[in-house]
Amino acid sequence: MWSILLRKFEKYPAQQKVLKLLFERGFQVNDEGKVTSGAIEIAHTQLAREAGVDRRVVDSTTEVILSDDQLKKIFQNVKSIPFLRDVAPLMGQGVIIITPDDASHKGIISEVSTVIAQHNISIRQAVSDDPFFIDEPKLTIITDTKVPGSIIEDLLKLDSVKSVNIA
């Protein structure tokens, strides 16, 4: 799906950078062409700086998004979520970071969550990096309690798991 969206900008690599940034951050584009996070508007100059492009590239990217039905539906409905990885330990929760052997392998989340459930631990959040955006994608699991070290051995027995870190 992502490759289809990027193809719409294949002649405009600077606009591809903006499109990727908007999607990675879960930013919307409203009917006026403003980039928002909920009701908060984000200055096109700030987005341009982050993407390493001129502000006018952000303007033209939002114009293209609004003129394309598929892009418009996506960017008017995408949402960002709070990612708890860095604050979970401060809240007494556990963090398990899985590096998969092959991120395209089907069932990684299912296999990992089964092992976690067998240890009688509840999952609060699961965030999987998209291999299109990230060179070495990870699966981050936030649990309701700190995670015992003994779970690492069981997770490493899974064929789909390359490495495990806990916090």
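UniProt positions are given here in the numbering of this structure, and such annotations may be inferred rather than shown by experiment. Keep that in mind as you work through these exercises on a predicted model.

**Exercise 1: The annotated domain**

Find which residues the UniProt annotation "domain: ACT" covers, and describe that span.

*Solution.* Start with the record: the unreviewed UniProt entry places "domain: ACT" at residues 97-167. Next, look at the two ends of residues 97-167, where the C-alpha atoms lie 8 Å apart. Finally, check the secondary structure: the span is 25% helix and 30% strand.

**Exercise 2: The overall layout**

Work out how many helices and strands the protein has, and in what order they come.

*Solution.* Counting gives seven helices and seven strands. Reading from the N terminus, the order is α-α-β-β-β-α-α-α-β-α-β-β-α-β. For the extent, the C-alpha trace spans about 55 × 30 × 25 Å along its principal axes. Of the 167 residues, 37% are buried. As for contacts between residues at least 6 apart in sequence, 64% join residues at least 24 apart.

**Exercise 3: An aromatic pair**

Classify the pair formed by the rings of Phe23 and Phe75, and say which helices they come from.

*Solution.* A pair of aromatic rings is described by the distance of the centres and the angle of the planes.

1. Take the distance: rings pair if their centres lie within 6.5 Å. The centres of Phe23 and Phe75 are 6.1 Å apart, and the count for the model comes to one aromatic pair.
2. Take the angle: planes over 60 degrees apart count as edge-to-face. The planes of Phe23 and Phe75 stand at 75 degrees, so this pair is edge-to-face.
3. Locate the partners: Phe23 belongs to helix H2 (residues 13-25) and Phe75 to helix H5 (residues 69-75), so the pair ties together parts 52 residues apart in sequence.
4. Compare their surroundings: Phe23 is partly exposed at 28% relative accessible area, whereas Phe75 is buried at 0%.

**Exercise 4: Helix H2 and its neighbours**

Describe how H2 packs against helix H3 (residues 44-51) and against helix H4 (residues 55-67).

*Solution.* Angles of 65 to 115 degrees count as roughly perpendicular.

1. H2 and H3 pack at about 105 degrees with their axes 10 Å apart, which makes H2 roughly perpendicular to H3.
2. On the H2 side, Lys17, Val18, Leu21, Leu22 and Arg25 meet Leu47, Glu50 and Ala51 of H3. By class, this contact has five nonpolar, no polar and three charged residues.
3. With H4, the axes come within 9 Å and cross at roughly 70 degrees, so H2 is roughly perpendicular to H4 as well.
4. Residues in the contact of H2 with H4 include Ala14 and Leu19 of H2, and Val57 and Ile65 of H4. That contact divides into eight nonpolar, three polar and no charged residues.

**Exercise 5: Two single residues**

Decide whether Gly33 and Thr140 are buried or exposed, and list their contacts beyond four places in sequence.

*Solution.* A residue is buried if its relative accessible area is under 20%.

1. Gly33 sits in the loop between strand E1 (28-29) and strand E2 (35-37). Its value is 8%, so Gly33 is buried.
2. The contacts of Gly33 are His44, Thr62 and Leu66.
3. Thr140 lies in strand E6 (residues 139-143). At 4%, Thr140 is buried too.
4. Thr140 touches Phe83, Arg85, Val95, Ile96, Ile97, Gln125, Ala126 and Val127.

Key:
Residues numbered from 1 in each chain as written. Predicted model: local features only at pLDDT ≥ 70, side-chain atom pairs only at ≥ 80, totals over all residues. Heavy atoms only, no water. Helix = DSSP H or I, 4+ residues; strand = E, 2+ residues; numbered from the N terminus. Phe/Tyr/Trp six-rings, centres within 6.5 Å; stacked < 30°, edge-to-face > 60°. Buried < 20%, exposed > 50% of the residue type's maximum accessible area, 1.4 Å probe, protein only. Axes fitted to C-alpha atoms, helices over the stretch in contact; angles between N-to-C directions. Parallel < 35°, antiparallel > 145°, perpendicular 65-115°, else oblique. Contact = heavy atoms within 4.5 Å. Nonpolar A, V, L, I, M, F, W, Y, C, P; charged D, E, K, R; others polar.
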